[in-house]
Amino acid sequence: MRAFSSLSLKVPANLHSMGANLNFNSLKPVNTTVNDITETRKEVLVALSTEEINEEDKAVVQEFCQHAKVPGFRPGKAPQDVVRKRFAKQISEEFNRKVLTKAYTYVIKESGLSVLSIIEIDEATRNFEPGTSAEVRLTVDLEPTFDLPDYKGIEVSVSSEPVKEEEVEETLKKVYMQRANFEVVERAANKGDYVKVSYSGTIEGKPVSDFAKEPIYGEQKSTWEEAGAEEAPGVQAIIQGLVGMKAGDSKTVTQIFPENFHIDGLAGKTAEYTMSVEEVRERVMPEITEEFLAPFKVKTEEEFKDQIRKELEMRKKHAESMEVQEKVMNIMADRVDFPVPESALDAEVQTALSHLFRRETQRQALTQEKKELDHASMMEEARVEAKKRAKLRFVFAKIGEQEKIEVTDNDINQVIMQESYRTRVSPQELVKELRKDHAKVDNLKREILFNKTLDFLAKEAKVNNA
């Protein structure tokens, strides 16, 4: 883990911290005006005097004069007019940046606002000229203000059941089935046999591929199907039709797709499939010997069952822990209420929407048309989840500060190692990517802090096992 400790946890300056290195005491009082847009979003006008503008121009030019390399002059000896002309574009860019930084710092000092983020700087007010006064118009979101509710000793009830013997047996059976051999048989296929089959389908004389792009519903050559499997993806008429067929058999089956079928092009339609069986294989369960059990580091089937039982118990404990955390989050979200800044909500909506969309995509093969239809309903669900999550981020950050919960190098290293395992990308590459994008480091720290605070609340909760 020591190899990754060089990743700095300090988030570099951004719009939120533009004025972090300025001395507030050196700032002269200026005219700032705050206009309400919403409870959490404000428009701030900062009036800068000609003197202030000229001070920034002078400071920038002096800095360039000290460091600029100008042919014919030693470093720091070139006349200002020469430097101004030679580096006009760079000086202008740095001058404008410094004026904006000063304006933002005034927003903090003069307005008394607790700024979460800058949403926009009015383009018409962000180009400045020496010798003139200026007015900078910024739109900002504010940090919410709220009192922390009680957060220790939250009472939650979770379901807790011991591992049943049937669960152990079912898991054992699945392990054995996964390691079974498949031997060719000459007989007709029984339910559970694997069958090599070719098929093609039509709807009203046209290929199914005209109605759906997914090959599994159109045409397949030499694919394997489990005969009679009710939960298998694909064309159920074919899967069920394989039962009773042997190598060399052919037949036609009819598939009626339901009106709410997830592929719009097939919904409510009837397809005819011609199928031909090439081979039938029977599942032969393995012989349970010490050699078979050796990879599981057990010698007997009873030891293997004990191992499975312990693993199932661990899974149930993990599920209970997740249930406790989910209930703690819901209770905390209900205990405090305040307007969530729009920028914080928008950021969480995109994350929540991505999670929901991945869930739906994994659950069923979605066509592009279906994705577009589902987007509206998923967006509504995502906004509800995002509002809760965004609110809790502020609450948990305040709890973390009060309880002195911190993000350490080791915390980041662990997340990097977990992400490396999940994505199959080396830890070194992940660290390199983080160094390129400081916003990712910031987001990573916030996510770690959120999870550490949630762990703290869950451990402090009073859990009743139902």
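These legends walk through several close-up views of a predicted model.

**View 1. The whole chain, to get our bearings.** Before zooming in, it helps to meet the protein chain as a whole: its secondary structure comes to 12 helices and 12 strands. Of its 466 residues, 39% count as buried. Take the contacts between residues at least 6 apart in sequence: 75% of these join residues at least 24 apart.

**View 2. An open sheet built from four strands.** Here the strands follow the order 1-2-4-3, and their pairing is antiparallel. Strand 1 (31-36) and strand 3 (115-121) stand at the edges; each has a single partner strand, so one side of each is left without a neighbour in the sheet. On average, neighbouring strands of this sheet are turned by 30° against each other, direction ignored.

**View 3. Strand 2 beside strand 4.** Moving in on the sheet, we find strand 2 (residues 41-48) paired with strand 4 (residues 134-142) in the antiparallel sense, over eight bridges. To find your place along this pair, look for V44, which stands opposite L138 in strand 4.

**View 4. Helix 3 lying across the sheet.** Helix 3 covers residues 88-111 and lies across strand 1, strand 2, strand 3 and strand 4. Its direction makes an angle of about 115° with strand 2.

**View 5. Helix 1 meeting helix 3.** Helix 3 also has a helical partner: its axis and that of helix 1 (residues 50-67) come within 9 Å and cross at roughly 135°. The two helices are therefore oblique to each other, and helix 1 passes helix 3 in a right-handed crossing. On the helix 1 side, the residues that meet helix 3 include E52, I53, V60 and F64. Among their counterparts in helix 3 are I91, F95, K98 and Y106. Taken together, the residues of this contact divide into eight nonpolar, one polar and eight charged.

**View 6. Helix 10 packed against helix 11.** Our last stop is further along the chain, where helix 10 (residues 409-423) and helix 11 (residues 427-436) pack at an angle of about 115°. Their axes are 9 Å apart, and helix 10 passes helix 11 in a right-handed crossing. From helix 10, I416, M417, E419 and S420 take part, meeting P427, L430, V431 and L434 in helix 11. The residues of this contact divide into six nonpolar, one polar and one charged.

Notes: Residues are numbered from 1 along each chain as its sequence is written. This is a predicted model: local features need pLDDT of at least 70, side-chain atom pairs count only at pLDDT 80 or more; totals for chains, interfaces and linings use all residues. Side-chain values use heavy atoms; hydrogens and water are left out. Two strands pair if DSSP finds at least two bridges between them. Axes are lines fitted to C-alpha atoms, for helices over the stretch in contact, and angles run from 0 to 180 degrees between N-to-C directions. Contact means heavy atoms within 4.5 Å. A crossing is left-handed if the near helix is turned anticlockwise from the far one by less than a right angle, and right-handed if clockwise. Ala, Val, Leu, Ile, Met, Phe, Trp, Tyr, Cys and Pro count as nonpolar, Asp, Glu, Lys and Arg as charged, and the others, Gly among them, as polar. Angles under 35 degrees count as roughly parallel, over 145 as roughly antiparallel, 65 to 115 as roughly perpendicular and the rest as oblique. Buried means under 20% relative accessible area, exposed over 50%, partly exposed in between (1.4 Å probe, protein chains only).
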